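The following exercises concern a single structure. Please work through each task before reading its solution.

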Amino acid sequence: MALNALDRHLALIGFMGAGKTTIAPEVAERLGRRSVEADRTIEGRVQLRIGEFFARRGETEFRVVEAALLRDLLDSGEPAVLDLGGGVLKTPTAREALAHGAFTVALDVDADAAWTRVRGSDRPLAADEAAFRRLHGERAPQYTAAADAVVRSGDVDGVLLAAAGVHHEPGSLDRLGELVPGDGPVGLVADEHVLGLYGDRARSALGDRLASTHPLPRGEAAKRLHEVERLWHELTLDRDGTVVALGGGTTTDVAGFAAATYLRGIAWVAVPTTLVGQVDAAIGGKTGVDTADGKNLAGAFHWPARVIVDDTLLRTLPEQERRNGEAERLKTELLASHPLDARGAAAYKSALCLRDPHDRGVRRWLNLGHTFGHALEAASGFELAHGEAVALGLLAALRLSGRDTAPVEAALDPRPVAVDRDRAWSALQRDKKRAGGAINLVLLGPDGPTVEPRPPDEVRAALDSLIGH
Ligand SMILES: NC(=O)c1ccc[n+]([C@@H]2O[C@H](COP(=O)([O-])OP(=O)(O)OC[C@H]3O[C@@H](n4cnc5c(N)ncnc54)[C@H](O)[C@@H]3O)[C@@H](O)[C@H]2O)c1
Ligand SMILES: [Zn+2]
């Protein structure tokens, strides 16, 4: 079974009327991939409509052609989104090829909804309602069994989350034992405060799989190399073990980095317990620690085997921490240019990270507002909360993009901060690699986010507008 669609084909399966063909192009676009509709490609190959092919040459021959096409598609280069026919699982070789060559998502649809959608169409297997319902009853469990993930029909965000290995489910903390992939032992690395709140539930859910527990200090203090070194020393796992990180972004960053380096890299699972973690930090495989020279300066790209999001864990989150997450959610909403809840923001980030796992292109959009935010944080000696700093940074980014700042004001109400202007400006310049004097910023253009050079005096004026007395 595959864990995610990173560098792999994403195959959509499901019964007739599950809406594969409707969402495949949208999923493909969000992932920057091409979308291939198997039935249309077969029609091109055999020069017959599917209905005619069935009538003239029969289903058996169709399945042979279909399985051959599937093998070709799976062998062909660039990862794509494959929209597969409803009967593809009938062929054993096709089932095997899928299991090896793709991350497979089943779109789940009930018989009533499926029949409403397909009745009256020219599909060969949708002529008779009773037969259609019988076939649905037979096949639905087969899709589930063959799939790496099951998503509700029409749920594009659900497909993107699944593709990134993100599992969203209220109460999933109590199912950790089943949801951590594999059956090997687990080293639980947790924020010490979160361990007090949720440690008993996590430990009891992991049951026999729990090998050891490792508390980390709260907050940024955890992101130090000596904490990673302590984990290298304390962990008792071998290569089939898994590190489970329970906590906010600081915990998942450190535990993920420990997993990336312990025995040259073992699997890890993120269980984010802050809103920042659930919409941002736990997704996409960036792990690391701070150094004496600055934040996040040492680390590794190491994609989590799964991200388990239980939003009921946010009930205990302090207001200030919720605001930090709200700033990242709004940042993502501005990038997407339509309203997003936390799950939608997580799906948006998932798609960008799958498109650009190593942060060389579109993933950099996630820095919207952060150039200014980091400068203000540094100038405040890190007294200013990250969320407050990002909220101010978003104001500056919107102003420089020629956009209305009302959405940020309404949601986050950022107030100018009293920090030293020169200190903020020199921090901003240090943070940015300069390209020919101009400063590269993520901005919002008419066709979506862009990375654009802006003259230093303009950038400095935008920064100054965020600073008060
Ligand atoms: N890897 C990435 O892609 C990425 C992206 C964004 C941010 N980050 C990193 O994430 C870190 C910030 O993460 P954060 O904001 O989650 O901070 P955090 O991990 O420090 O958690 C914030 C506070 O909330 C407490 N807490 C956590 N869960 C709780 C819960 N359910 N109930 C009550 N209290 C709880 C913690 O004890 C801590 O005091 C930064 O170091 C940042 O660099 C990483
Ligand atoms: Zn941020």
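A polar contact is a pair of N or O atoms within 3.5 Å; within protein, one atom must be able to donate a hydrogen and the other to accept it, and residues adjacent in sequence count only if both atoms are side-chain atoms. The model is predicted, so local features need pLDDT of at least 70 and side-chain atom pairs count only at pLDDT 80 or more, whereas totals for chains, interfaces and linings use all residues. Residues are numbered from 1 along each chain as its sequence is written, chains are lettered from A and ligands numbered from 1 in the order in which they are written, and side-chain values use heavy atoms, with hydrogens and water left out.

**Exercise 1. Ligand 1**

Identify which residues come nearest to ligand 1, and state which atom of Leu313 lies 2.9 Å from a nitrogen atom of this ligand.

Solution. Step one: 27 residues surround ligand 1 (a residue is near if one of its heavy atoms lies within 4 Å). Those that come nearest are Gly249, Thr250, Thr273, Thr274 and Thr316. Step two: for Leu313, the atom is a backbone N or O. Step three: two side chains add polar atoms, that of Thr273 at 2.7 Å from a nitrogen atom of ligand 1 and that of Arg218 at 3.0 Å from an oxygen atom.

**Exercise 2. The zinc ion**

Determine which residues coordinate the zinc ion (ligand 2), and decide whether Glu328 is buried or exposed.

Solution. Step one: donors are N, O and S atoms within 2.8 Å of the metal (3.2 Å for Na, K and Ca); water is not among the atoms, so sites may look incomplete. Step two: Glu328 (OE), His370 (NE2) and His386 (NE2) coordinate the ion at 2.0 to 2.1 Å. Step three: the spacing of these donor residues in sequence is E-x41-H-x15-H. Glu328 in helix H13 (residues 319-336) and His370 in helix H15 (residues 370-379) are 42 residues apart and link distant parts of the chain; helices (H or I, at least four residues) and strands (E, at least two) are DSSP runs numbered from the N terminus. Step four: buried means under 20% relative accessible area, exposed over 50% and partly exposed in between (1.4 Å probe, protein chains only). Glu328 counts as buried because its relative accessibility is 2%, and His370 is likewise buried because its value is 7%.

**Exercise 3. The sheet of 5 strands**

Establish the strand order of the open sheet of 5 strands and say which strands stand at its edges.

Solution. Step one: two strands pair if DSSP finds at least two bridges between them. Step two: the order is S2-S3-S1-S4-S5, with parallel pairing. The edge strands, each pairing on one side only, are S2 (35-37) and S5 (149-152). Step three: S1 (residues 9-13) and S4 (residues 102-108) pair in the parallel sense over 5 bridges, and Leu10 stands opposite Phe103 in S4.

**Exercise 4. The sheet of 6 strands**

Explain why one side of S6 and of S8 is left without a neighbour in the sheet.

Solution. Step one: the strand order of this open sheet is S6-S13-S10-S9-S7-S8, with parallel pairing. Step two: S6 (166-168) and S8 (210-216) stand at the edges with a single partner strand each, so one side of each lacks a neighbour in the sheet. Step three: S7 (residues 186-191) and S8 run parallel and are joined by 6 bridges, where Ala190 has Pro215 in S8 as its bridge partner.
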